[in-house]
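User: Could you walk me through this model? I'd like the terms settled as we go.

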Amino acid sequence: MNEHTLDILRTCSLVILLAPLAGAVLAGALGRPLLRGATHWIVILGVAGAVAGAFVVLFTLHGTETGPTTAALALYQWIATGAGTWFAVEVLIDPLTAIMLVTVTGISLLVVIYSRDYMREHHHPQRGYERFFAFLGLFVFSMCALVLSGNFLLLYLGWEAVGLCSYLLIGFYYQRPAAAAAAKKAFLVNRVGDFGFGLGVLLIYLTFGTLQYGSVFDMVAAGVTGAGDPLPTARVTAIALLLLCGACGKSAQLPLHVWLPDAMEGPSPVSALIHAATMVTAGVYMVARCGAIFTASPLAMTIVAVLGAATALFAATIALTQTDLKRILAYSTISQLGYMFLGLGVFAADTAIFHLYTHAFFKALLFLAAGSVMHALGGIIDVRQFGGLRRLLPWTFILFVVGAAALAGVPLLSGFFSKDEIIHHAFEQHWLLGLLGLVTAVLTAFYSGRMVFLAFFGPPRVPEGVHPHESGHWMLLPMGVLAAGAVAAGYVGVHAFDQPFHRFLHPVFASTFAAHAHGQFAVAHGGLWAQYGLLIVSGALALLGIAAAWFAYVAQPWLPATLKAVFVGAHQTLWHKYYVDELYGAVIVRPLRRIGRFCVDTDDSVVDGLLWLITAVPRGLAFTFRALHGGVLQSYAVTMVVGLTIMVLLVLAL
Amino acid sequence: MTEWILTLVIFSPLVGALLLWLPPRGYEHALRRGALLSTLATLLLTLAAVFAFARQQAAGVTTENGYRLTCHVPWLTAAGPERIDVGYRLGVDGISLALLTLTSFLMPLVVWGSFSGIRVREREYYFLLLLLQVAMAGAFCATDLLLFYVFFEFTLVPLYFLIGIWGGPRKRAAANKFFIFTVAGSVFLFAGVLYLAWFAWKTTGTLTLNLAALTDLGRNGALPLTVQRWLFLAFAAGFAIKVPLFPVHTWLPLAHTEAPTAGSVVLAGVLLKLGTYGFCRLSIPILPDASFELAPVVAVLSIIGIIYAALAAWVQDDVKKLVAYSSVSHLGFCMLGLFSLKVAGISGAVLYMINHGLSTGALFLVVGCMYERYHTRDVHRLGGLARRMPWLAFFLVFFTLSSIGLPGLNGFVGEFLVLLGTATSATTIDGLPAGPLGYGWVIPAALGIILGAVYMLWMCQRVLFGPLREPPDTPDTSAGLTTDLTRREIAVLAPIALACLWLGVYPRPVLNAVEPAIVQNIAGIELRQAQRPEACHLPDATSVATMFPPHPRSTPPPAAGIAAGESLVMTGGSAHVP
């Protein structure tokens, strides 16, 4: 890569980082006193700058067919380790970065545009309008920093910074206690994950003496530590599992998934952007980025795959019974992220990233469409309170259906290709993983259909006093773009078109995931059945799931209630999300608070009591001597006389 | 001029304090402004000192034990075979300069922040605050142990009165507890100082309290391990209470809760640092073997403190007490970093001192702003204040984030370096001999980071978010306040916020200044550990000096030759120095 290209990339990375940041700072500083209802423009401009930068990066990398496609650029020195070495603020740009950047900034721009209308009531900006856009801008900056980072420390910075933005935006309606609690929960659960992640970063430094991606991955590949000793597999496994801990927090995988459904207390654009399309995929990105570390440990890879498959199934079952449209989508997100982890775990990182990319389109679309419903119904989103919106909100209906179909895996839409590919690779690794993937696919199709049928079919039913109205252009247009993506974005990864997406990514994973995969590219050369058999099966299963949903919720509407009554135990378990929140409350939160009270009591009684005992010695002595200092002149005189007598006697005796 | 700049910095507040007695009664506003001007003048002088320090460093001026801007006025001296050398010695290295700057930076803000809160006996109040500043600055600049001890102890007096006169309902009890605890520790500290001086006199023939000379003694192994152990315990008694380290921390929550806002800010921001600074300046360089040996003990206490105080903070109803307990938890990190005995860990600890001073100090200021309006700090009686006081909410959230170590703000850099130093302590990855701690120590400490977020965010949620909840007849704006923060209050908090941001994004200048001082500080440890196999008996200093030259990156102590000579004589059994 020549100097000129590097210059372009350096400039781009600065633009990508600084444009949204500038937008956020200006929105925060000038929003309230000056810009007010026009604050969105400054953030839109900032994010648009980042989008432009991201596309330039993409095309620059795509253009350099020859030579390495990785550029590492140091911007400035940040923290000294004391060994004369510094951790730099540096960026690493490779095809994976480019794809993440384009996805993140692109979806961000659409969501920011959508928010312009969503954050208004009766054409007046909501309270906190400026704050909202400032936070969005800050998020885009943080997410780009996460993706661009060239070492683990900066990754950690981006990691925590997106968590902060998530906290601030979930708690945007801070006067609602539920929102404030959800924000805190999100931050804390992520902190638990980051505890592992941070320890992993420290262990990396301890092992390799550096935190720079390139050096660390090279040493892992060579199987040596920083001191030149052979690298024990146990150490690599430990590092991988600690990093995975962070990924579980951010990407809401078992057992740290509990924050994401609650995060739906945030405004819908936030759910779409942060809690569906971008931030929650950071864990997937990180595992893919650290492929060298993960693939060096078979145990870690197995855990990733099993965890992903289990989470996918687990969350999909919960989604079956929920009635809050956004929460169904949240569980669906957890489930889809599970698919991505499954993909990573079966050495198909390019496929996992492909699913990340298609998922960003259709899930963002679904959330925005759900937001459109909420906007129309004055904030109500529980499907028990409304139905039959098909005629009332025709555009929203169409867009939602497109998103749901892509999620369900209806053939020839984007979600279909990426999900099928993951299941395919899972079968290559182990039939059980593949089977779990297929079962989840059926469930996904079922709950996708259920959402659509409950919300949009049947007789029109809206809460009293609400007059639904279709959303304006500012909201519909971004959704339209996303819908186009949900339909067509998958074709860049289709075998029939020679998978340009995968080929672009190939250099990143060539020596890690791809080197370990069984028959990564065998698919293209296999027989007709190997190539299309699974495609047909999963497509059929998706349609079957939707048909079942139609049967249960449209054709025979009495069925769900009956099932609920018959399988009351199972329904209750799913309705209460397997009681995980309750478990954590009883096992972790309350005992810790009890210990805290105990600590305070100890402070007040034991520690102070001991000190009181120690001081009791001088105090006791003082008490004894106090009798001598009663202020009675006669006793002083007596003491004096006695003392003098004794002294005189002593002197005489000696 | 550079010789006297530190003296000027230390005693300029005294001038201000005396001038405060000029305005007649009824001119309180002149009084307040005068105090503010005095602290600002000191800040300017401090900046001049920083500038002069940087110039000397750039010019490569040779130093005595890393101290620059030194000043020496002999005080108790006697020549002859039994020399006495106690003097007025000042000097700063990167560590003390950083803390001095922190002090001078916080004081104007503290004074300005008191304008509305203090309504009685203002003259005495500002007088005591300025006296306190003299003592704090003096303690950081003193390089003679006697002088250090005098300043160190003198900090107690003004603060005792500040808590006892302008404090909350239980101010008497708090002031007494604070005073007795710290004095009890200081007695041991003083005994240690005297014993050290006596031992130095016995071995070298000079009764000196010169820090540089004593450091050389420790570095060259002139102090036997048993002596070092006793001295370490004596010093630790004094400093651990000040830090405060578990289990002698119980005075702190009470003192903080009852102290006036300014008292809490100075206490958390600067005075606690005297404890960690003491460990850093006295224990580690003078007693390298004992420090190394006892580091695990200190680390265990630090880690217990981190978790214990964090859990205790979580169940507090009083916001101020919560922040006070958080201080105990944070200082545990600081101690852990110090006793990793690695450059990264100690750099982290020094940064942690500064960061804690900024963010916890600011948190106390914010809580003070809240208290002035609501006359309560009970989380059950307050809620949803973000709607009423957006500026307060902004600052509270900002400093909370700084306090829980969000990357990009100051807290993270210190925390990360502390943990990095601890994790790599047992290795030679940074080219230094292995330290006493290791990766296993990081795990429980890192749990404290989770808990830190737990209690701080819990507090924010209770106070700022949810539906509005305030006691009747509040907010009280009778003292010339507004519902949200006044411009004065914003102007007090904003510089701290900017400093937090700066140290988070670009801590390089501070790290650059601090690192040589740390290398100098742990040179003794390096030297002593490098010859550990034969560590049991009293080592021969020359062999150490020749076989194990100081670490290449550390500037060789200019007095090394003399010091080696002295100890050579000492090992020969003679107390005569030519």
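Analyst: First the burial terms: a residue counts as buried under 20% relative accessible area, as exposed over 50%, and as partly exposed in between, with a 1.4 Å probe and protein chains only. This is a predicted model, in which local features need pLDDT of at least 70 and side-chain atom pairs count only at pLDDT 80 or more, while totals for chains, interfaces and linings use all residues. Residues are numbered from 1 along each chain as its sequence is written, chains are lettered from A and ligands numbered from 1 in the order in which they are written, and side-chain values use heavy atoms, with hydrogens and water left out.

User: What are the ipTM and pTM scores?

Analyst: The model has an ipTM of 0.89 and a pTM of 0.90.

User: And what pLDDT does chain B average?

Analyst: On pLDDT, the predictor's confidence in each residue on a scale from 0 to 100, chain B averages 85, and 91% of its residues score at least 70.

User: Where in chain B does pLDDT stay under 50?

Analyst: That applies to residues 534-578 of chain B, for which the model nevertheless has 52 contacts beyond four places in sequence, a contact being heavy atoms within 4.5 Å.

User: On to the interface. How many residues does the contact take from each chain?

Analyst: Chain A contributes 52 residues and chain B contributes 60 residues. The area buried between chain A and chain B is about 5100 Å², with carbon and sulfur atoms giving 71% of it; buried area here is the accessible area (1.4 Å probe) that two parts lose on being put together, summed over both.

User: How many salt bridges and polar contacts are there between chain A and chain B?

Analyst: The rule finds 0 salt bridges across the interface of chain A and chain B, where a salt bridge is a side-chain nitrogen of Lys or Arg within 4 Å of a carboxyl oxygen of Asp or Glu. There are, however, 15 residue pairs in polar contact between chain A and chain B, both residues being at pLDDT 80 or more. A polar contact is a pair of N or O atoms within 3.5 Å; within protein, one must be able to donate a hydrogen and the other to accept it, and residues adjacent in sequence count only if both atoms are side-chain atoms.

User: Which element gives the most to the side of chain A that touches chain B?

Analyst: That is α6(A), with 16 residues. Helices (H or I, at least four residues) and strands (E, at least two) are DSSP runs, numbered from the N terminus. By residue type, the side of chain A that touches chain B divides into 35 nonpolar, 9 polar and 8 charged residues, where Ala, Val, Leu, Ile, Met, Phe, Trp, Tyr, Cys and Pro count as nonpolar, Asp, Glu, Lys and Arg as charged, and the others, Gly among them, as polar.

User: Changing topic: how many salt bridges does the whole structure have over all chains?

Analyst: The search finds 20. One of them joins the side chains of A:Glu265 and A:Arg176 at 3.1 Å, N to O, and this pair spans 89 residues, from the loop between α9 and α10 (268-277) of chain A to the loop between α5 and α6 of chain A. At 16% relative accessibility A:Glu265 is buried, whereas A:Arg176, at 38%, is partly exposed.

User: Which residues are linked in a network of salt bridges?

Analyst: The network links A:Arg176, A:Lys185, A:Asp262, A:Glu265, A:Asp324, A:Arg327 and A:Asp581. Within it, A:Arg327 and A:Asp262 meet at 3.3 Å, N to O, and both are buried.

User: And what about B:Arg32 and B:Glu122?

Analyst: Their side chains form a salt bridge at 2.8 Å, N to O, linking helix α2 (residues 28-59) to helix α4 (residues 122-141) of chain B across 90 residues. B:Arg32 is buried at a relative accessible area of 14%, and B:Glu122 is buried at 7%.

User: Last one, the backbone. Which peptide bonds are cis?

Analyst: The bond from A:Leu254 to A:Pro255 is cis, with omega near -5°, and A:Pro255 sits in the loop between α8 (233-250) and α9 (259-262) of chain A. Another cis peptide bond joins B:Val243 and B:Pro244, with omega about -10°. As for phi, A:Ala252 is not a glycine but has a positive value of about 55°; A:Ala252 lies in the loop between α8 and α9 of chain A and is buried at 0% relative accessibility.
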